[in-house]
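Me: I'm new to reading protein structures. Could you take a close look at one part for me, the places where chains meet? Please explain each term as you go.

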Amino acid sequence: MRRNKVLIIILVILLLFASTGCQGGQSDQGPESETKTIMDMAGREVEISTNIEKVYSTSAIGSVLLYTLAPEKLAGWTSELRDSEKIIIAPEYHDLPSLGRWKGSTPTGSIEELLKAGPDIIISVGDVSPEYAGDADEIQNLTGIPVVMVDGSLQKTAEAYRFLGDLIGESERAEELAAYSDKTLEEISTNLKSIGEEQKVKVYYAEGMEGLETEVSGTVNSEAFDLAGAKNVAVPDTPDIRRMQVSIEQILVWDPEVIIISTDGDTTHSVYNKIKSDKTWANITAVKNNEVYEIPNYPYDWINRPPSVMRLLGVKWLSALLYPEVIKTDMRADISEFYSLFFNYEISEKEIEDILETAERK
Amino acid sequence: MSLEIRNLSFAYKKDQPIIEGISMKVERGEIVSVLGPNGAGKTTLFKTILGLYKAYQGQVIVNGKDVSNSSRRELAKQMGYVPQNHAPSFPYSVVDVVLMGRTAHINNYASPSELDYRVAKEAMENLNILYLADKRYTEISGGERQLVLIARALAQEPKILVMDEPTSNLDYGNQIRLLNHIKRLAGQGLSIIMSTHHPDHALFCGGKAIMLKDGQILCSGSVDEVITEDNLKNIYGIDVEIANAQIKNGKLHKICIPVVA
Amino acid sequence: MKNTAFVAKYSKLKIIVLVLLPILLAIVALTIGRYPVSYADIWKALTGLFFAESNLSATAHTVIFDVRIPRILAAIIIGMALSVSGAAFQGTFRNPLVSPDILGVSAGAGFGATIAIINSWGSLGVAISAFVFGLLAVWLTYFIGNLIKRSGDITLILVLGGILVGTIFSSLVSLIKSVADPYEKLPAITYWMMGSLGSIQMKDIYMVIPPMLVGIIPLLLLRWKLNLLTFGDEEAQSMGVNTDRLRLIVIICATLLTASSVSISGMIGWVGLVIPHFARAITGPNYRSLLPVSMAVGGSFLLVVDTIARTLLAMEIPLGILTSLIGAPFFIYLLSHSRRSWK
């Protein structure tokens, strides 16, 4: 009896070794023989091939970053492209496979499909805290594909472009985009210096179907507000909160001067119309002064969700909206330039007017 | 008042009848004891008589009227049912349980009235259980619960009482007290059909008896005709002797004694 | 007469307390909130209803009449509806552990809401879709139940059918969630599932009042007969109850109550399960008093919990989470202290 038990334990241990051995073997067996060890933006050491042809991103944030940098190296999208994406994204990339999100504890994609697409590396763009580093390690162990973490914060956009450009051999293009990023953010922050803490405009960021959800200040999801010099009224009163529901009473207490609405891709302006017409919102300063705007979402939200490089344009738009006297810029020209530079897309005047319809002071 | 059952048959599956071709007649104030081994179909017979199971053939006739199409309410005013001891789900007070027997007399959207309380009280007095009124039904003894169920059926003011093994789960004293109640109720004019596993109980109650075997009537008639050594051997497969015992006041009592092999 | 049972059981004091409880709590709740409104303002607002011309600030007026009053009313109404529906189902299914969504109404409503959110149908669309799919789920359960009815106890079959339909709908929700846009739709679905009264307005209340009345009035009228269902179909039938018809009425009414609640508040768990137990501990299991007491207690309970949800922090604490957090330990307390009240 006892001997049997010992045998079983030994077998189990052997099997465990065998299975991990297999995984290790898989990554060793890659066709590329030359590898190098790099340090990613979370400080993890990752061994990657010197010649990277295909890259997959675990989330849409990275897909946008990658598409703007080197679309031909994209191994796939995280989800089927929406109609608005199909307008901006070049047609040859419409049919890339949809491989799912690989963030958090429940990946939505299939490992086999991912392996079939055969990326040389996977990038995880976003938070680079140890908690997320653990997720990255897990995906790396699961797939046998090296996972490289890239800081997704808006302020580090330039750094992210340069890092990724070096990694995949696209330094020149990366430098171009990084320079734009640096220039944009620097200009805005310089111009905003004249705005004291007390002069900052109180902004409420309305999300959700009723506009009663918001993001607290100080997270990657509300970073654009902070960089645009807005005073986000939602300050967390418990730690570890990002998105939260709030009551209309709380918004009345905050009494924001400007309300910025996330449309969540809803083109019917339902939250916008509700806030402007509903009597519970009517006594808020922002509503009384007609300072209610929708965040442009074309093909991605300019401010958040996904918190992508679109936010460079979003911060410019928001800061110009909040502080027209110090941020003097031609928004229409900025939009043209951004879509052309980042997406290689020549945006029409009609599209710009549509984008700005509810995003401009009339 | 009379209850007549003609050729009653019930089956879950058409070709496998649980009871078949049952006929019997019960007069006012009469007690009919139904005997039979486990699985003979006693409970099924009762439920079919009560209309809880739909007979595929035969009729139940109350006062000359076929009741197979009567509403639940009409049926309930004719026949009361005392089920085998059951597991109650909620801790109703005893008086509430007895009051539920009044439902057939209460308007669809109403609650019990003063009159209903009075009838319920009388039913409990009849069985000497008024003292239980405020107790929780879930916390009284099995014997008390059986009496409460009978009181509930009495509050229904039926003409016929159908009792499924009323003495099961009772101690010896409670069994005899219950049988005395049953005899007294019959004396008050109620017709009673009850099932029992004790031939002695049928003998004690007197009246008629029916023996069921495999869903069919083996024999029926007065208890003296039915409770015989041969019949008991036939349905239970054991040897018994029916003896006449003389008790102190000189009366003779029939009793049933199993023969030691 | 010695037995108190035959004297009028329901002391007047108890009735007055139960009627006044939600009203008093509502008045207290009216004075509490994130936005500071003084007692004087509330007094002005209330008297302003009868005497014209009050110099109340516009914001205070909005907070009192358009924010707090609708929300307080909604909490009371939904608490009542869920509790009555839970109590009725517990009797019908002869099981004290049954909650109002036993037949799959919440899962169906969740699916309806998810579809509406995915398709951006707006808040009214979400409410209607949730309501319709909630009813549809229960209809499916009932349909399945009747399909296989002849092979046994109908209540058991309905419970099984409810589990089946509930599982199907919640799996569909999970499926949709897994492919939903993680940035735009997923949070909305998640928040809806957690339940909230944060966006209640008077028009929502007007919208659910008719189906709720249709649900609650028959249950109150038939509440005596509900008692008989707890003894099982055969006994109830032998006492003159058409159990099939009664059960159908109970299911329709309780479903209308739950579906209307869920449609405007999202999922609020535990109220329909715990409150009937609490009410039973107060007044006993007789539906004659149990239903009214459940209404009073349920309305008061949800009002208190929602007041906490909207005032404790700057963020809204999701109501469904709070009711579960408060309800579950409370339930354990009830079970351990009134064990003998049910087996």
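Reply: Happy to! Let's begin with chains B and C: 42 residues of chain B are in contact (heavy atoms within 4.5 Å) with 37 residues of chain C. Before going further, note that this is a predicted model, in which local features need pLDDT of at least 70 and side-chain atom pairs count only at pLDDT 80 or more, while totals for chains, interfaces and linings use all residues. Residues are numbered from 1 along each chain as its sequence is written, chains are lettered from A and ligands numbered from 1 in the order in which they are written, and side-chain values use heavy atoms, with hydrogens and water left out.

Together, chain B and chain C bury about 3700 Å², and carbon and sulfur atoms give 58% of that. Buried area here is the accessible area (1.4 Å probe) that two parts lose on being put together, summed over both. On the chain B side, the residues that lose the most area to chain C are B:Arg72, B:Phe90 and B:Tyr92, which together make up 18% of what that side buries.

Now for the atoms that pair up. Two salt bridges cross the interface of chain B and chain C; a salt bridge is a side-chain nitrogen of Lys or Arg within 4 Å of a carboxyl oxygen of Asp or Glu. C:Glu234 forms a salt bridge with B:Lys47, with 2.5 Å between the closest N and O atoms. Between these chains there are also nine residue pairs in polar contact, both residues at pLDDT 80 or more. A polar contact is a pair of N or O atoms within 3.5 Å; within protein, one must be able to donate a hydrogen and the other to accept it, and residues adjacent in sequence count only if both atoms are side-chain atoms.

Which elements of chain B supply at least two residues each to the side that touches chain C? They are helix H2 (72–78), strand S6 (79–82), helix H3 (94–100), helix H4 (114–126) and helix H5 (142–155). Helices (H or I, at least four residues) and strands (E, at least two) are DSSP runs, numbered from the N terminus. H3(B) provides the largest share of that side, with five residues. Sorted by class, the side has 24 nonpolar, nine polar and nine charged residues. Nonpolar covers Ala, Val, Leu, Ile, Met, Phe, Trp, Tyr, Cys and Pro, charged covers Asp, Glu, Lys and Arg, and the others, Gly among them, are polar.

Chain C has another partner as well: 36 residues of chain A are in contact with 34 residues of chain C. The area buried between chain A and chain C is about 3200 Å², with 56% of it on carbon and sulfur atoms. A:Met209, A:Gln245 and A:Glu249 lose the most area to chain C within chain A, together 23% of what that side buries.

A:Glu249 appears again in a salt bridge: its side chain meets that of C:Arg68, at 2.7 Å from N to O. In total, the rule finds three salt bridges across the interface of chain A and chain C. Ten residue pairs, both at pLDDT 80 or more, are in polar contact across it. Helix H2 (60–69), strand S9 (243–246) and helix H9 (248–254) of chain A are the elements that give two or more residues to this side. H9(A) gives the most, with six residues. By class, the chain A side that touches chain C has 13 nonpolar, ten polar and 13 charged residues.

How far apart are the nearest C-alpha atoms of chain A and chain B? They are 41 Å apart, and the two chains do not touch. Of the two pairs of chains that touch, chains B and C have the most contacts.

Salt bridges also occur inside single chains, and over all chains the structure holds 39 of them. One of these joins the side chains of B:Glu74 and B:Lys65, at 3.7 Å from N to O. B:Glu74 counts as partly exposed because its relative accessibility is 43%, between the limits for buried (under 20%) and exposed (over 50%), with a 1.4 Å probe and protein chains only. B:Lys65, at 46%, is partly exposed too. In chain A, salt bridges that share partners join A:Glu207, A:Glu213, A:Glu215, A:Arg243 and A:Arg305 into one network.
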